[in-house]
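Biologist: I am new to this model and would like a close look at a single part of it. Please choose one place and follow the chain outwards from there.

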Amino acid sequence: MRSAVTISLVPQAKGGPFVFWDDLPNAAAEAARLGFDAIEIFAPSPAVLDAETLRKIFQQNQLQLAALGTGAGWVIHKWHLSHSDPAVRAKAVAFVKEMITFGSAFGAPAILGSMQGRYEGAVSRKQALSWLAEALNVLGEHAAACNVPLLYEPLNRYETNLLNRAEDVVTFVRSLTTKNVKVLADVFHLNIEEASLPDAIRTYGELVGHLHFADNNRRAVGFGGIDYAPIVAALREIKFEGYVSGEVLPWPDPQSAARQTIASYHKLFGVK
Ligand code: LER
Ligand code: MN
């Protein structure tokens with residue numbers, strides 16, 4: 001298990017669940033000072049991330065890149081993988097591919113969350129899921145060629161109408177031809193959709209590749225009401241070894257949210 005904290009470099013995502021904002025060098029220094037192993041970056045595009053600068057920041061702070069979010073393709077451009085227009089779907093695939101390639105140079109996977117999209121208008125659920133499967137097969141194999149998994153993140157019902165619950169997600173992921181897609185379990189989303197959070201983790205089992213570590217109100221763990229001990233027990237049962245990444249609101253401020261995240265991580269996972 002390793003700890004991570006999120007930073008957004010996407011102005012259009014303001015108000016979203018990211019601990020640090022805008023200033024990567026400062027966020028990295030703060031994350032390192034607090035003892036995080038890694039940072040997870042939500043970036044507008046791979047083009048704005050200069051690989052050399054990033055490498056220096058990571059080296060100076062002894063940090064890893066935990067994962068790279070791709071949601072900016074949706075937030076900025078309104079591209080997604082279940083869109084009725086094939087040209088828009090193609091742009092979404094190309095955008096995620098570039099993110100996968102960029103992250104893989106740092107050994108980090110890309111996250112497919114909001115870019116999965118939703119079905120609406122003339123597009124049926126079946127059609128949208130078939131486009132999503134097609135894209136995940138292509139992207140999963142692209143990630144495999146880059147030696148990283150692809151992280152698929154199921155979202156709650158208010159963010160997508162495609163797949164919200166663990167049983168459905170497991171059936172869908174197992175039906176893919178690529179075997180390189182892992183699930184990102186975001187505890188905030190699970191808490192909206194699942195009857196039992198530890199059972200959902202067990203249902204995902206070995207598919208879990210990354211965790212978004214949040215409380216029910218999307219504040220840092222411990223600032224809300226979720227009982228995390230059974231979730232941690234389930235993660236140990238499934239032998240989860242990935243990143244526990246604080247994707248939470250910067251409440252009451254980024255430093256306090258980051259401090260609370262790492263304190264809860266140490267308390268719950270017993271790692272110093
Ligand atoms: C959005 O709600 C979320 O959880 C992100 O990690 C997905 O892009
Ligand atoms: Mn998330």
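**Strand E9 and its surroundings**

Modeller: Lys239 is found in the loop between helix H9 (229-237) and strand E9, where helices (H or I, at least four residues) and strands (E, at least two) are DSSP runs numbered from the N terminus. The model is a predicted one, in which local features need pLDDT of at least 70 and side-chain atom pairs count only at pLDDT 80 or more, while totals for chains, interfaces and linings use all residues. Residues are numbered from 1 along each chain as its sequence is written, chains are lettered from A and ligands numbered from 1 in the order in which they are written, and side-chain values use heavy atoms, with hydrogens and water left out.

Although Lys239 is not a glycine, its phi is positive, at about 60°. Lys239 is exposed, with a relative accessibility of 67%; here buried means under 20% relative accessible area, exposed over 50%, and partly exposed in between, using a 1.4 Å probe and protein chains only.

The strand that follows this loop is covered on both faces, with Tyr243 and Ser245 buried on one side and Val244 and Gly246 buried on the other. In a regular strand, side chains alternate between the two faces of the sheet. Strands count as paired if DSSP finds at least two bridges between them. E9 runs parallel to strand E1 (residues 2-8), to which four bridges join it, and Val5 stands opposite Gly246 there. E9 is also parallel to strand E8 (208-212), with three bridges between the two, and Leu211 faces Val244 across this pairing.

From E1 the pairing can be followed further, since five parallel bridges connect E1 with strand E3 (residues 38-42). Thr6 has Glu40 as its bridge partner in E3. Five of the five residues of E3 are buried: Ala38, Glu40 and Phe42 point one way, and Ile39 and Ile41 point the other way. E3 in turn pairs with strand E4 (residues 64-69), again in the parallel sense and over five bridges, and Glu40 stands opposite Ala67 in that strand.

Back at E9, the next stretch of chain is the loop between E9 and H10, which is the place of Pro252. The peptide bond from Trp251 to Pro252 is cis, with omega near -5°.

Glu247 brings us to the manganese ion (ligand 2), whose protein donors are Glu153 (OE), Asp186 (OD), His212 (ND1) and Glu247 (OE), at 2.1 to 2.3 Å from it. Donors are N, O and S atoms within 2.8 Å of the metal (3.2 Å for Na, K and Ca), and water is not among the atoms, so sites may look incomplete. The angles among the six donor atoms run from 69 to 175°, and the site is octahedral, a label given to six donors if opposite ones are over 155 degrees apart and all others between 65 and 115. In sequence, the donor residues follow the spacing E-x32-D-x25-H-x34-E. Distant parts of the chain are linked in this way: Glu153 lies in the loop between strand E6 (150-152) and helix H6 (166-175), and Glu247, 94 residues away, lies in the loop between strand E9 (243-246) and helix H10 (254-269). Glu153 counts as buried at 5% relative accessibility, and Glu247 counts as buried at 8%.

The loop between E6 and H6 also holds Asn156, which is buried at 1% relative accessibility. Its side chain reaches the backbone nitrogen of Tyr158 at 2.8 Å; a polar contact is a pair of N or O atoms within 3.5 Å, and within protein one must be able to donate a hydrogen and the other to accept it, with residues adjacent in sequence counting only if both atoms are side-chain atoms. Leaving aside neighbours within four places in sequence, Asn156 is in contact (heavy atoms within 4.5 Å) with Asn164, Phe188, His189, Ile192 and Glu193. Asn156 and Leu190 are 34 residues apart in sequence, and their C-alpha atoms are 7.3 Å apart in space.

How values were computed:
Tetrahedral: all angles 85-135°; square planar, octahedral: opposite > 155°, others 65-115°.
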